[in-house]
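Work through the three exercises below with the model open beside you, and try each task before reading its solution.

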Amino acid sequence: MNFKQPLTAVFGQPVAENPTQVMMEAAYRHHNLDWRYLTIEVAPADLADAVQGARAMGFAGFNCTLPHKVAVIEQLDELGTSASLMGAVNCVVRKGQRLIGENTDGKGFVRSLCEKVDPHAKRVVIFGAGGAARAIGVETALAGAADITIVNRHEGRGRELADLLNNRVSAQCRHSFQASFAAWKGDFFISPDTDIVINATSVGLFPDADARLPVELDSLRPNMLVADVIPNPPRTRLIRDSSDKGCPVIDGLEMLVNQGVIGIRYWSGVDADPSVMRGALENVFGKPHGSGTSAVP
Ligand code: NDP
């Protein structure tokens, strides 16, 4: 008999509405892993003690959501390449006595992308320049994109991300890559040579589910793949409008599920079934469910 389950968790504040436990424990059950995934409220002032506690109790790993993605770095022993480039960690992995910081947000997105299209040599437009856009920009560049245009409401943040991609990320790319910033005034016209369009802003997140991303709808063409990071609701206005235009789409649940699949592989070595995890989340998001940016790791 063994009554001691391996432990994993998410640390955040606020965290009560974070649904990650639902999909992770659904995967654990499906793969006969007697593991637990705990949802733990950790105040910024308690983060160091919480990480120390996770070390002491032998956690296999944990996710970090807002506001801990940057602050957790100084509690860790090492960073993976993309977490180091982004300066943000959302997944901590225990290797022996060491805690390694990884970032699975962008990797989860790229996994969803690769199921639909090869990002190699593609031209990409990303709306937003916050944490999600940063993670997606870095991983999409590393995955082979040729050109990324960052479109952001506040210019300083947008230029900072374009500079990060040009100065630090492009040095890691073995292919030709460039990034630029484009100002966002009124409805943005997407250039016809764009292959992939990504909403990485929080526009459309519950409860503002009908909010419209300022994009000129007629500039969306059926050859463009359109992705949205918003997991709640998954069928955002952008996803609906793009489908109506004949564009293939990727919704925010796909990214959320795939970053969870990558986390489970880091912690347990098991390749979790994404359809089981998505089904568990759809049960949750099928009902009206409040959530903020803390809703995902
Ligand atoms: P941040 O707060 O770091 O960034 C928010 C971004 O949205 C900024 O670029 C901001 O622009 C932009 N923005 C907000 N409101 C508007 C608006 N009205 N018009 C135009 N731009 C706007 O948040 P994150 O990057 O961490 O998260 C963004 C979204 O991504 C959240 O909704 C979150 O739920 C989702 N997410 C989904 C994941 C998934 O797995 N599906 C994973 C991680 C995040 P500005 O800089 O001008 O303020």
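The exercises concern confidence, a strand with its partners, and one helix.

**Exercise 1.** Find out how far this predicted model can be read in detail, and where caution is needed.

*Solution.* Begin with the whole chain, which averages a pLDDT of 94, with 96% of the residues scoring at least 70. Then turn to residues 288-295, where the pLDDT is below 50, although this stretch has 23 contacts in the model beyond near neighbours in sequence. Where pLDDT is low, the predicted coordinates should not be read in detail.

**Exercise 2.** Determine which strands are joined to strand S7 (residues 123-127), and how Val 125 takes part.

*Solution.* First, S7 is mostly covered, since 4 of its 5 residues are buried. Next, 5 bridges join S7 to strand S8 (residues 147-152), and the two run parallel, while 4 bridges join S7 to strand S10 (residues 196-199), also in parallel. Val 125 has Thr 149 as its bridge partner in S8 and Val 197 as its bridge partner in S10. Finally, follow the chain from S7 through helix H5 (residues 131-142) to S8, which together make a right-handed β-α-β unit.

**Exercise 3.** Explain why the buried residues of helix H7 (residues 237-244) lie on the same side.

*Solution.* List the buried residues, which are Leu 238, Ile 239, Asp 241 and Ser 242. Because they cover an arc of only 165 degrees around the axis, they are on the same side of H7. Then look at what covers them, which includes S10, strand S11 (225-228) and strand S12 (249-250). Last, note that H7 is followed by Gly 246, whose phi is positive, near 90 degrees.

Terms used
Residues are numbered from 1 along each chain as its sequence is written. This is a predicted model: local features need pLDDT of at least 70, side-chain atom pairs count only at pLDDT 80 or more; totals for chains, interfaces and linings use all residues. Side-chain values use heavy atoms; hydrogens and water are left out. pLDDT is the predictor's confidence in each residue, from 0 to 100. Contact means heavy atoms within 4.5 Å. Buried means under 20% relative accessible area, exposed over 50%, partly exposed in between (1.4 Å probe, protein chains only). Two strands pair if DSSP finds at least two bridges between them. A crossover is right-handed if, with the strands pointing away from the viewer, the path from the first strand over the helix to the second runs clockwise. The arc is that of the directions from the helix axis to the C-beta atoms.
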